[in-house]
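This report introduces a structure to a reader who has not met it before. Please look through the sequence and the model first, and then read on.

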Amino acid sequence: MKMTRRAFCAGLAAVPLARPTQAQDMALLTARAATVQLAPDGYPATPVWSYDGTIPGPVIRAAQGSRLQRRLVNTLEVPTSVHWHGIRIDNAMDGVAGLTQNAVPPGESFDYAFDLPDAGTYWYHAHTNSMEQVARGLSGALIIEEATPPDVDRDEVLMIDDWLLEPDTGLFVDDFAAPMTRSHGGQIGNLVGVNGRYDYSLSARQNERLRLRLINSANAQIFGLKLEGLTGWTVALDGMPLDTPEPVTDTLVLAPAQRMDLIVDITAEEGETAGLLFAAADDTWRVLAEVSVEGRAASVPRGAPQPLPRNPRMEVVGVDTAPVLEMPLQGGAMRGLESAAFNGQKLTWQELVQQGQFWALAGQAGLGEAPFATLSRGETARIRMTNDTIFPHAMHLHGMHFRTRKEDGSLGPLRDTVLVMPNEMTEIAFVADNLGKWLLHCHMLGHAASGMTNWIMVA
Ligand code: C2O
Ligand code: CU
């Protein structure tokens with residue numbers, strides 16, 4: 001049949017319009033400058049770097065087993081990239097500038113697309129000059145939902161952060177790379193807050209059951225936390241469910257980058273104060289997130305919760321016979337280093353300091369040409385981190401979760417960031433089941449930028 005122009009046009013009208021390709025459909029995540037009110041009313045607002053204009057960035061929620069896609073659009077004046085912290089991700093999507101991708105220049109974009117094998121509480125943050133970019137606000141929560149959520153009335157994300165502000169101007173203290181803080185405990189803010197607010201609060205009813213997803217997005221601050229007027233259980237750490245919910249009886253410790261899922265019942269009476277407290281520098285307990293109790297959801301609390309459904313691949317097998325790799329954590333103020341490798345050269349302490357390097361992992365400051373270890377896929381490995389410094393370090397492994405191995409051979413919960421205390425030894429064990437180049441670094445971001453970053457290769 002000969003097609004007339006008219007028929008051709010009619011035929012065209014009958015077919016659906018060309019579908020935009022998936023890439024064009026991709027949801028955006030825009031790194032951009034914004035101004036937000038971090039300090040209390042009456043103080044000036046703060047110019048920040050944000051995702052989509054808010055501090056923290058938008059809460060990204062997706063279903064376990066689905067695929068997440070976001071186009072990072074960089075409208076900042078500096079290059080940036082996004083790391084999806086704690087996701088057992090495809091290496092090419094890990095967001096580490098200089099290792100897994102090039103940083104995205106100003107005005108350009110990068111498409112992130114990856115599978116989500118695990119449910120749980122994760123977060124995303126800049127991984128280019130993180131010491132400054134995360135401090136300026138480039139972070140947000142990433143929540144991967146179980147097919148069957150636990151029996152709770154509400155699910156609340158509490159992203160805990162601190163900011164170092166000039167009270168007179170509201171500006172960030174513009175010294176993110178200060179040698180003094182980098183060689184000591186790292187940058188600690190003068191204002192602590194939750195979800196971008198110094199006075200975060202929520203209201204709840206007596207005996208209501210909440211899931212609280214705590215995320216420490218601070219640069220260096222280790223939070224000591226306590227519940228008041230709430231009865232709680234820890235149900236997951238760093239996204240991964242605990243076999244048995246653990247009653248909260250004591251101070252909870254949340255190091256930088258760590259997450260903790262709690263299920264809490266509001267046990268305070270109406271009008272009584274309840275909430276999450278933190279240990280301030282002066283050793284007093286201060287309110288971090290206030291819960292105002294109004295009304296009653298049930299006449300009695302519900303009792304201990306069920307464990308969350310397990311994620312896949314949570315076992316770490318063959319630990320006892322796995323090779324042990326020694327990784328001393330070295331350097332910092334008051335201890336220093338005799339020497340360490342940096343950019344392919346062996347430097348003395350003075351030379352390292354001149355290069356802004358104060359720390360080393362197993363004698364290496366910063367990323368070396370060669371990985372700390374090369375593991376074959378599926379192999380179980382142990383890394384013994386001995387903290388020879390006088391500071392605690394929040395050590396984070398990308399791409400895979402690990403369990404700590406105690407001296408008696410028992411294994412701790414599966415997690416991705418562990419706090420290694422001064423003069424202590426912490427051994428982590430993991431199955432190297434994810435191919436690629438993975439960072440192992442301190443999540444005190446000033447430490448990471450001045451030596452405490454290394455990498456392993458899974459081939
Ligand atoms: Cu939270 Cu190397 O990252
Ligand atoms: Cu550190």
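## The largest pocket

The lining of the largest pocket, in this predicted model, is made up of eleven nonpolar, seven polar and ten charged residues. The volume of this pocket is about 640 Å³, and among the 28 residues that line it, those closest to its centre are T404, K406, P413, R415 and V418.

Several strands contribute two or more residues each to the lining of the largest pocket, including strand 14 (230-237), strand 15 (240-247), strand 25 (379-387), strand 27 (402-405), strand 28 (411-415) and strand 30 (425-432).

## The second largest pocket

The second largest pocket has a volume of about 510 Å³ and a lining of 23 residues, of which V192, Q221, F278, A280 and A281 lie nearest its centre. By class, this lining has 16 nonpolar, six polar and one charged residues.

At least two lining residues of the second largest pocket come from each of strand 10 (191-194), strand 13 (223-228), strand 18 (273-279) and strand 19 (285-296), with strand 19 giving the largest share, three residues.

## The copper site

The copper ion (ligand 2) has as its protein donors H393, through ND1, C442, through SG, and H447, through ND1, which lie 2.0 to 2.1 Å from the ion. Along the sequence, these donor residues follow the spacing H-x48-C-x4-H. Distant parts of the chain are linked by the pair H393 and H447, which are 54 residues apart, with H393 in strand 26 (residues 393-397) and H447 in helix 6 (residues 445-449). Both of these histidines, H393 and H447, are buried.

Methods:
Residues are numbered from 1 along each chain as its sequence is written. Chains are lettered from A and ligands numbered from 1 in the order in which they are written. This is a predicted model: local features need pLDDT of at least 70, side-chain atom pairs count only at pLDDT 80 or more; totals for chains, interfaces and linings use all residues. Side-chain values use heavy atoms; hydrogens and water are left out. Donors are N, O and S atoms within 2.8 Å of the metal (3.2 Å for Na, K and Ca); water is not among the atoms, so sites may look incomplete. Helices (H or I, at least four residues) and strands (E, at least two) are DSSP runs, numbered from the N terminus. Buried means under 20% relative accessible area, exposed over 50%, partly exposed in between (1.4 Å probe, protein chains only). On a 1 Å grid over the protein atoms alone, a cavity is a set of points where a 1.4 Å probe fits but cannot get out, and a pocket is an open set with protein on both sides within 12 Å along at least five of seven lines; lining residues have an atom within 4 Å of a point. Grid points are joined across faces, edges and corners, and a volume is the space filled by probe spheres set on the points. Ala, Val, Leu, Ile, Met, Phe, Trp, Tyr, Cys and Pro count as nonpolar, Asp, Glu, Lys and Arg as charged, and the others, Gly among them, as polar.
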